Amino acid sequence: QLQASGGGLVQTGGSLRLSCRAPGRTFNYRTVGWFRQTPVKEREFVAGISAAGDSTLYADSVKGRFTISRDHANTTAYLQMNTVKAEDTAVYFCASGILYGSTSGDDYHYWGQGTQVTVSS
């Protein structure tokens, strides 16, 4: 079970770092993705990183503002969120899978419980 944390209330233009911790080292052999969802929007892909950590992929809406990374020693992935906007408000989920490069949640088999990010103006 993945454990997402780090959400909270942040002002527009501020920064926040989300963490996604896994209990076992098999996490290190899987790709990781961050997704987000709001009550009025379907779940959307935010960012992904390969198992090795040498390739990353971003949604256009966050490119240049968010950075995904991972720490194999601590079986943890991160999403650094900078210059946040009101439209970044959502519940953020981390997930892991085998196929790198997919933006579909159907290709990610293990999910965390979600962490709420609220951006205030």
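This tour goes through the model stop by stop, giving a selection and what is found there.

**Before starting**

The model is predicted: local features need pLDDT of at least 70, side-chain atom pairs count only at pLDDT 80 or more, and totals for chains, interfaces and linings use all residues. Residues are numbered from 1 along each chain as its sequence is written, and side-chain values use heavy atoms, with hydrogens and water left out.

**Stop 1: the open sheet**

Color by secondary structure, with strands (E, at least two residues) and helices (H or I, at least four) taken as DSSP runs numbered from the N terminus. Select β1, β3, β8 and β7, which in that order make an open sheet of 4 strands with antiparallel pairing. Two strands count as paired if DSSP finds at least two bridges between them. At the edges are β1 (3-5) and β7, each pairing on one side only. The average turn between neighbouring strands of this sheet is 15°, direction ignored; axes are lines fitted to C-alpha atoms (for helices over the stretch in contact), and angles run from 0 to 180 degrees between N-to-C directions.

Now keep β3 and β8, an antiparallel pair held over 6 bridges. One position to label is cysteine 20, whose bridge partner in β8 is alanine 77.

**Stop 2: the disulfide**

Stay on cysteine 20 and add cysteine 94: a disulfide joins the two, S to S 2.2 Å. A disulfide here is a pair of cysteine sulfur atoms within 2.5 Å, and the whole structure has 1. Cysteine 20 sits in strand β3 and cysteine 94 in strand β9, so the bond ties together parts 74 residues apart in sequence. The S-S torsion is about 75°, so this disulfide is right-handed. Both cysteines are buried, where buried means under 20% relative accessible area, exposed over 50%, and partly exposed in between (1.4 Å probe, protein chains only).

**Stop 3: the nonpolar core**

Nonpolar side chains tend to be buried together in soluble globular proteins. Select Leu18, Trp34, Val46, Phe66, Leu79, Met81 and Tyr92, the residues with the most contacts inside the largest nonpolar core, which has 27 residues. Such a core is a set of buried Ala, Val, Leu, Ile, Met, Phe, Trp, Tyr and Cys residues joined through side-chain atoms within 4.5 Å. Elements giving two or more residues to this core are β3 (16-21), β4 (31-38), β5 (41-49), β7 (66-71), β8 (76-81), β9 (90-97) and β11 (115-120).

Center on valine 46 and show its surroundings. Contact means heavy atoms within 4.5 Å. Beyond four places in sequence, valine 46 touches Trp34, Phe35, Arg36, Leu57, Tyr58, Ala59, Val62, Phe66, Leu79 and Tyr92.

**Stop 4: the charged network**

Side chains of opposite charge can pair when their charged atoms come close. The whole structure has 5 salt bridges, each a side-chain nitrogen of Lys or Arg within 4 Å of a carboxyl oxygen of Asp or Glu.

Select arginine 36, which is buried at 5% relative accessible area. Arginine 36 forms a salt bridge with aspartate 88, closest N and O atoms 2.9 Å apart. This pair links distant parts of the chain, with arginine 36 in strand β4 and aspartate 88 in the loop between β8 and β9, 52 residues apart. Aspartate 88 is buried, at 0%. Arginine 36 also pairs with glutamate 44, where the closest N and O atoms are 2.6 Å apart; glutamate 44 is partly exposed, at 23%.

Next, show the side chains of Lys63 and Asp60, which meet in a salt bridge (3.1 Å, N to O). Both of these residues are exposed. Through shared partners, salt bridges join Arg36, Lys41, Glu44, Arg65 and Asp88 into one network.

Of that network, take arginine 65 next, in the loop between β6 (56-58) and β7. Arginine 65 counts as buried at 10% relative accessibility. Leaving aside neighbours within four places in sequence, arginine 65 contacts Gln80, Met81, Asn82, Thr83, Val84, Lys85 and Asp88.

**Stop 5: two positive phi values**

Most residues other than glycine have a negative phi. Select threonine 83, with a positive phi of about 50°, in the loop between β8 and β9. Threonine 83 is partly exposed, at 46% relative accessible area. Finish on threonine 75, in the loop between β7 and β8, where phi is near 40°, a positive value. Threonine 75 is buried, at 7%.
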